[in-house]
Amino acid sequence: MAKKELGAKEYNPTRLEWLAVMVNSVLPRVNDEKFHAYCLAAKDGKSIIINIKHDRRAPKELINKLETDIKELVLAGAQMYEWDSWLKIQTVISVKD
């Protein structure tokens, strides 16, 4: 049997990985000079980590609204799959260098 190319190998993501990909795919493209946001699956097996990196000049209200909106998006995705009963959401907010 012919060996599959590395890019053709099957891969089954975890539920958290799948949720992170889903959320990242619908996040508004806000990656500009003021801030950048994305989600990752945490290693604890029950959490999604929302990462928000922002410029020092970004208004705090804007960053807080972005955090709230992304949390709602994560929760909506989790509810769609009925994963909201066990899902935890963590947020990491940092200033871009």
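Reader: Leaving out residues up to four places away in sequence, which residues does Cys39 touch?

Author: Keep in mind that this is a predicted model. Cys39 has its place in strand β1, and at 2% relative accessibility it counts as buried. Not counting residues up to four places away in sequence, Cys39 touches Ala20, Val23, Asn24, Ile48, Ile49, Ile50, Ile70 and Val74.

Reader: How far apart in space are the C-alpha atoms of Cys39 and Leu27?

Author: Along the chain, Cys39 and Leu27 are 12 residues apart. In space, their C-alpha atoms are separated by 9.4 Å.

Reader: Okay, let me step back. In what order do the elements of the protein chain run from the N terminus?

Author: The secondary structure of the protein chain comes to 2 helices and 3 strands. Starting at the N terminus, the order is α-β-β-α-β.

Reader: Is the protein chain more spread out than a compact globule, or less?

Author: For 97 residues, the globule rule gives 13 Å. The radius of gyration of the protein chain is 16 Å, well over that value, so the chain is more spread out than a compact globule. As for its extent, the C-alpha trace spans, along its principal axes, about 60 × 30 × 20 Å.

Reader: What share of the 97 residues is buried?

Author: Buried here means under 20% relative accessible area. For the 97 residues of the protein chain, the buried share is 29%.

Reader: And which element gives the most to the largest nonpolar core?

Author: In soluble globular proteins, nonpolar side chains tend to be buried together. The largest nonpolar core in this model has 19 residues, and those with the most contacts inside it are Leu19, Cys39, Ile48, Ile70, Val74 and Leu87. Two or more residues come from each of α1 (15–26), β1 (35–41), β2 (47–54) and α2 (60–80). With 5 residues, the element that gives the most is α2.

Reader: You listed Val74 there. What does Val74 touch, not counting residues up to four places away in sequence?

Author: Val74 is among the residues with the most contacts inside the core. Setting aside residues up to four places away in sequence, Val74 touches Leu19, Val23, Cys39, Ile48, Ile50, Leu87 and Ile89.

Reader: Why does Leu16 count as buried?

Author: Leu16 lies in helix α1. Not counting residues up to four places away in sequence, it touches Ala41, Ala42, Gly45, Lys46, Ser47, Ile48, Trp86 and Leu87. The cut-off for buried is under 20% relative accessible area. Leu16 counts as buried because its relative accessibility is 4%.

Reader: What about Glu67, buried or exposed?

Author: Glu67 lies in helix α2. Leaving aside neighbours within four places in sequence, Glu67 is in contact with Ile52, Thr91 and Ile93. Its relative accessible area is 16%, so Glu67 is buried.

Reader: And Glu82, buried or exposed?

Author: Glu82 has its place in the loop between α2 and β3 (88–95). Phi of Glu82 is near 60°, a positive value in a residue other than glycine. An exposed residue has over 50% relative accessible area. With a relative accessible area of 65%, Glu82 is exposed.

Reader: How far apart are the mean positions of the positive and negative charges?

Author: The protein chain has 16 positive and 14 negative charges. Their mean positions are apart by 4 Å.

Reader: Last one: what share of the exposed area do carbon and sulfur atoms supply?

Author: The protein chain exposes about 7,100 Å². Of that area, carbon and sulfur atoms supply 54%.

Methods: Residues numbered from 1 in each chain as written. Predicted model: local features only at pLDDT ≥ 70, side-chain atom pairs only at ≥ 80, totals over all residues. Heavy atoms only, no water. Helix = DSSP H or I, 4+ residues; strand = E, 2+ residues; numbered from the N terminus. Rg over C-alpha atoms; globule rule 2.2 N^0.38 Å. Buried < 20%, exposed > 50% of the residue type's maximum accessible area, 1.4 Å probe, protein only. Areas by Shrake-Rupley, 256 points an atom, 1.4 Å probe, with all protein chains shown as cover. Lys, Arg positive; Asp, Glu negative; His and termini not counted. Charge placed at Lys NZ, Arg CZ, Asp CG, Glu CD. Core = buried A, V, L, I, M, F, W, Y, C linked by side-chain atoms within 4.5 Å. Contact = heavy atoms within 4.5 Å.
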